[in-house]
Amino acid sequence: AARNHLLSRAEFQWQTGYAAPVLGSLERTVNLSDPLALVFPRFVENEEPAPESDPEPEPILLVVPEPPPLPKEMVEGEEGEDDGELSYQQLLIRLWNRVQKNEVRGTGRIRSENFLKVPTQEQDPNYGSVVREPITLGEIRQQIQLGEYEGQLDRFRADFTRLFTNATSYYPADSVMYEDAIHLFALFNKEFRLLRADLEGGEVVRPVIV
């Protein structure tokens, strides 16, 4: 079996007839079972350990900032909030929301879906020629956000009245749009009376909306 033996300088010269070079603190390792090793011994230096490979870079964590909060006047009033904590604009938005979100009982269908936008020419070719002053829930909401109804509560009511009057004048009385317009207009008028009382500081007893 092969074996390794550390030879001193004198032993190496005695066995091989060659003078080993002086290599300072080098260790001479010779395999006695290998004839070439006796002539060409391997000189092993106390080598420094191989440098470690660069560590893999840590993953970069992207921190996505939260979106800025909406302006106070854009925050919608929630059910049950104290009216005294809501601005004039927020009170109008709250009323608009109650009309826009009204559903048909049992089906969940939103009644206002046909009044958010003016029908396109493809959807209803005759609408634009019959309804001379169209207005939509979307336009009313935009006017609220722009402050166009500030101090003009009667104009706010007039725009809702025009919206539903257009619908009941254009759509047949047996149509779904006509029925939705009648229902939403009644809801608006009830909510508007409560809104006016709120703004005038009167005592309000809110009915349950069904």
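**View 1. Ile 93, a buried residue of helix H3**. In this predicted model, Ile 93 has a relative accessibility of 0%, so the residue counts as buried. Look for Ile 93 in helix H3, which covers residues 88-100. Now find Gln 145 as well: 52 residues separate Ile 93 from Gln 145 along the sequence, yet their C-alpha atoms are 8.3 Å apart in space.

**View 2. Helix H6 and its cover**. Helix H6 runs over residues 153-170. With its 18 residues, H6 reaches 26 Å from the first C-alpha to the last, close to the 26 Å expected at 1.5 Å a residue. Which residues of H6 are buried? They are Leu 153, Phe 156, Asp 159, Phe 160, Leu 163, Phe 164, Asn 166, Ala 167 and Tyr 170. The cover over these buried residues includes H3, H4, H5 and H7.

**View 3. Tyr 171, in the loop between H6 and H7**. Here we meet Tyr 171, placed between helix H6 (153-170) and helix H7 (176-200). Is Tyr 171 buried or exposed? Its relative accessibility is 12%, and buried means under 20%, so Tyr 171 counts as buried. Setting aside residues up to four places away in sequence, you can see Tyr 171 touching Pro 119, Tyr 127, Met 177 and Tyr 178. Ala 181 is 10 residues away from Tyr 171 in sequence, and the two C-alpha atoms are 9.5 Å apart.

**View 4. Asp 124, a buried residue without a salt bridge**. Asp 124 sits in the loop that links helix H3 (88-100) and helix H4 (127-130). Where is the nearest side chain of opposite charge? It belongs to Arg 132, 13 Å away from Asp 124. Leaving out neighbours within four places in sequence, the contacts of Asp 124 are Pro 119 and Tyr 170. You have met both names before: Pro 119 also touches Tyr 171, and Tyr 170 is one of the buried residues of H6.

**View 5. Stepping back to the protein chain**. Seven helices and three strands make up the secondary structure. Follow the elements from the N terminus and you will read β-α-β-α-β-α-α-α-α-α. The chain has 210 residues, and 30% of them count as buried. About 14800 Å² of the chain is exposed, with carbon and sulfur atoms supplying 53% of that area. Among contacts with a separation of 6 or more, 51% join residues 24 or more positions apart.

Notes: Residues numbered from 1 in each chain as written. Predicted model: local features only at pLDDT ≥ 70, side-chain atom pairs only at ≥ 80, totals over all residues. Heavy atoms only, no water. Helix = DSSP H or I, 4+ residues; strand = E, 2+ residues; numbered from the N terminus. Buried < 20%, exposed > 50% of the residue type's maximum accessible area, 1.4 Å probe, protein only. Lys, Arg positive; Asp, Glu negative; His and termini not counted. Salt bridge = Lys/Arg side-chain N within 4 Å of Asp/Glu carboxyl O. Contact = heavy atoms within 4.5 Å. Areas by Shrake-Rupley, 256 points an atom, 1.4 Å probe, with all protein chains shown as cover. Expected span 1.5 Å × (residues − 1).
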